[in-house]
Amino acid sequence: MTTFNGAAFVKEQITSVLSQLNADDELIIFDDLSTDETVKIIHSEFEDARITLKQNIKRVGVVRNFDQALHMASGDYIFLCDQDDVWLEGKVEQMVASLQDYILAVSDCKVVNSDLSVIHASFFALRHSGPGLLKNIYKNSYLGCCMAFRKELLTAILPIPRKAPMHDMWIGLIAETVGKACFIPTQTLLYRRHGKNASPTAENSAFNLYQQVLFRLVLSFLIAKRYLRNRIRTST
């Protein structure tokens with residue numbers, strides 16, 4: 001999990017996560033220099049040995065922050081987690097079951113507002129989500145808060161390039177070059193949209209056509225470069 005000024009929702013999210021973790025699981029949190037009560041809430045509300053909280057000394061942004069957290073991950077199965085959503089019961093169990101056959105799994109979710117009232121019953125239906133490298137370069141459906149993957153994917157995705165547009169898109173696309181991804185049609189969390197989210201997923205892009213084309217060209221180059229690196233690594 002990464003946090004930045006998430007005081008309004010972080011307690012609810014952490015509570016929903018911890019309820020599904022085992023005693024030997026871990027919750028790694030990197031805070032990106034929050035100026036609100038986020039860090040104080042985590043310290044005061046949760047005395048739990050499974051939580052490791054790190055605080056940046058300077059702002060690094062959401063992609064770099066997730067990169068730091070992933071470098072610390074040690075579990076066999078890694079879940080990405082936002083600060084403002086709510087995990088639904090059975091999320092971990094269902095996704096771990098899928099990861100027995102796939103290197104990465106993405107579940108559906110309900111898109112909700114700040115009060116958890118449903119805006120869209122299915123993110124998959126809204127985004128036409130599904131696997132496919134070219135499909136997801138054209139229109140990304142890899143939503144980080146709905147993703148989990150096996151530990152061995154870390155060597156392929158890390159480090160996340162500084163020019164990668166978003167960590168989740170990068171992870172999903174690289175997973176497609178090294179294995180198979182599974183899209184689970186069950187909604188396993190409430191995906192909260194409240195106007196202060198770190199990414200515009202599920203909303204219209206703020207970039208013009210030229211910017212969108214350029215960003216996909218850069219992304220395609222980065223994927224091809226990493227694919228070659230991973231092939232060389234696995235062949236030696």
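## Exercises on helix packing and burial

**Exercise 1.** Which residues of helix α4 (residues 91-98) are buried, and what do the buried residues of α4 pack against?

*Solution.* Start with the burial pattern: in helix α4 (residues 91-98), the buried residues are Lys91, Val92, Met95 and Ser98. Keep in mind that we're working with a predicted model here. Next, look around the axis: these residues cover an arc of only 130 degrees, which puts them on the same side of α4. Finally, list the partners. The buried residues of α4 pack against the strands β4 (77-79), β5 (86-87), β6 (104-112), β8 (147-150) and β9.

**Exercise 2.** Take Ala181. Where is its place, is Ala181 buried or exposed, and which residues does Ala181 touch?

*Solution.* First, locate it: Ala181 sits in strand β9 (residues 181-192). Then check the accessibility. Ala181 has a relative accessible area of 12%, and the cut-off for buried is under 20%, so Ala181 counts as buried. Now for the neighbours: leaving aside residues up to four places away in sequence, Ala181 touches Tyr102, Leu104, Pro131 and Tyr142. As a last step, try a distance: Thr155 is 26 residues from Ala181 in sequence, and their C-alpha atoms are 17 Å apart in space.

**Exercise 3.** Work out how helix α2 (residues 38-45) is placed: which of its residues are buried, which are exposed on the other side, and what do the buried ones pack against?

*Solution.* Begin with the buried set, which is Thr38, Val39, Ile41 and Ile42. Looking down the axis of α2, you'll find these within an arc of 165 degrees, so they line one face of the helix. Turn to the other side of α2 and you'll meet Lys40 and His43, both exposed. The buried residues of α2 pack against β1 (2-3), α1 (10-18), β2 (27-31) and β3 (51-55).

**Exercise 4.** Carry on with α2 and its helical partner: at what angle do α1 and α2 pack, and which residues meet?

*Solution.* Two packed helices are described by the angle between their axes and the distance between the axes. For α1 and α2, the angle is about 40 degrees and the axes are 10 Å apart. That makes α1 oblique to α2. For the handedness, α1 passes α2 in a right-handed crossing. At the contact, α1 brings Val10, Lys11 and Ile14, which meet Thr38, Ile41, Ile42 and Glu45 of α2. Sorted by class, this contact has four nonpolar, one polar and two charged residues.

**Exercise 5.** Just past α2, consider Glu47. Where does Glu47 lie, and does Glu47 count as buried or exposed?

*Solution.* Glu47 lies in the loop between α2 and β3. Its relative accessibility is 81%, and exposed means over 50%, so Glu47 counts as exposed. For a distance, pair Glu47 with Ser114: they're 67 residues apart in sequence and 26 Å apart in space, C-alpha to C-alpha.

**Exercise 6.** Describe the packing of α8 and α9: what is the angle, and which residues meet?

*Solution.* Geometry comes first: helix α8 (residues 167-178) and helix α9 (residues 209-235) pack at about 45 degrees, with axes 10 Å apart. That makes α8 oblique to α9. The crossing is right-handed. Then go through the contact. From α8 come Met169, Trp170, Leu173, Ile174, Thr177 and Val178, meeting Phe215, Leu219, Leu222, Ile223, Arg226, Tyr227 and Asn230 in α9. Sort the contact residues and you get ten nonpolar, two polar and one charged.

Methods. Residues are numbered from 1 along each chain as its sequence is written. This is a predicted model: local features need pLDDT of at least 70, side-chain atom pairs count only at pLDDT 80 or more; totals for chains, interfaces and linings use all residues. Side-chain values use heavy atoms; hydrogens and water are left out. Axes are lines fitted to C-alpha atoms, for helices over the stretch in contact, and angles run from 0 to 180 degrees between N-to-C directions. Helices (H or I, at least four residues) and strands (E, at least two) are DSSP runs, numbered from the N terminus. Angles under 35 degrees count as roughly parallel, over 145 as roughly antiparallel, 65 to 115 as roughly perpendicular and the rest as oblique. A crossing is left-handed if the near helix is turned anticlockwise from the far one by less than a right angle, and right-handed if clockwise. Contact means heavy atoms within 4.5 Å. Ala, Val, Leu, Ile, Met, Phe, Trp, Tyr, Cys and Pro count as nonpolar, Asp, Glu, Lys and Arg as charged, and the others, Gly among them, as polar. Buried means under 20% relative accessible area, exposed over 50%, partly exposed in between (1.4 Å probe, protein chains only). The arc is that of the directions from the helix axis to the C-beta atoms.
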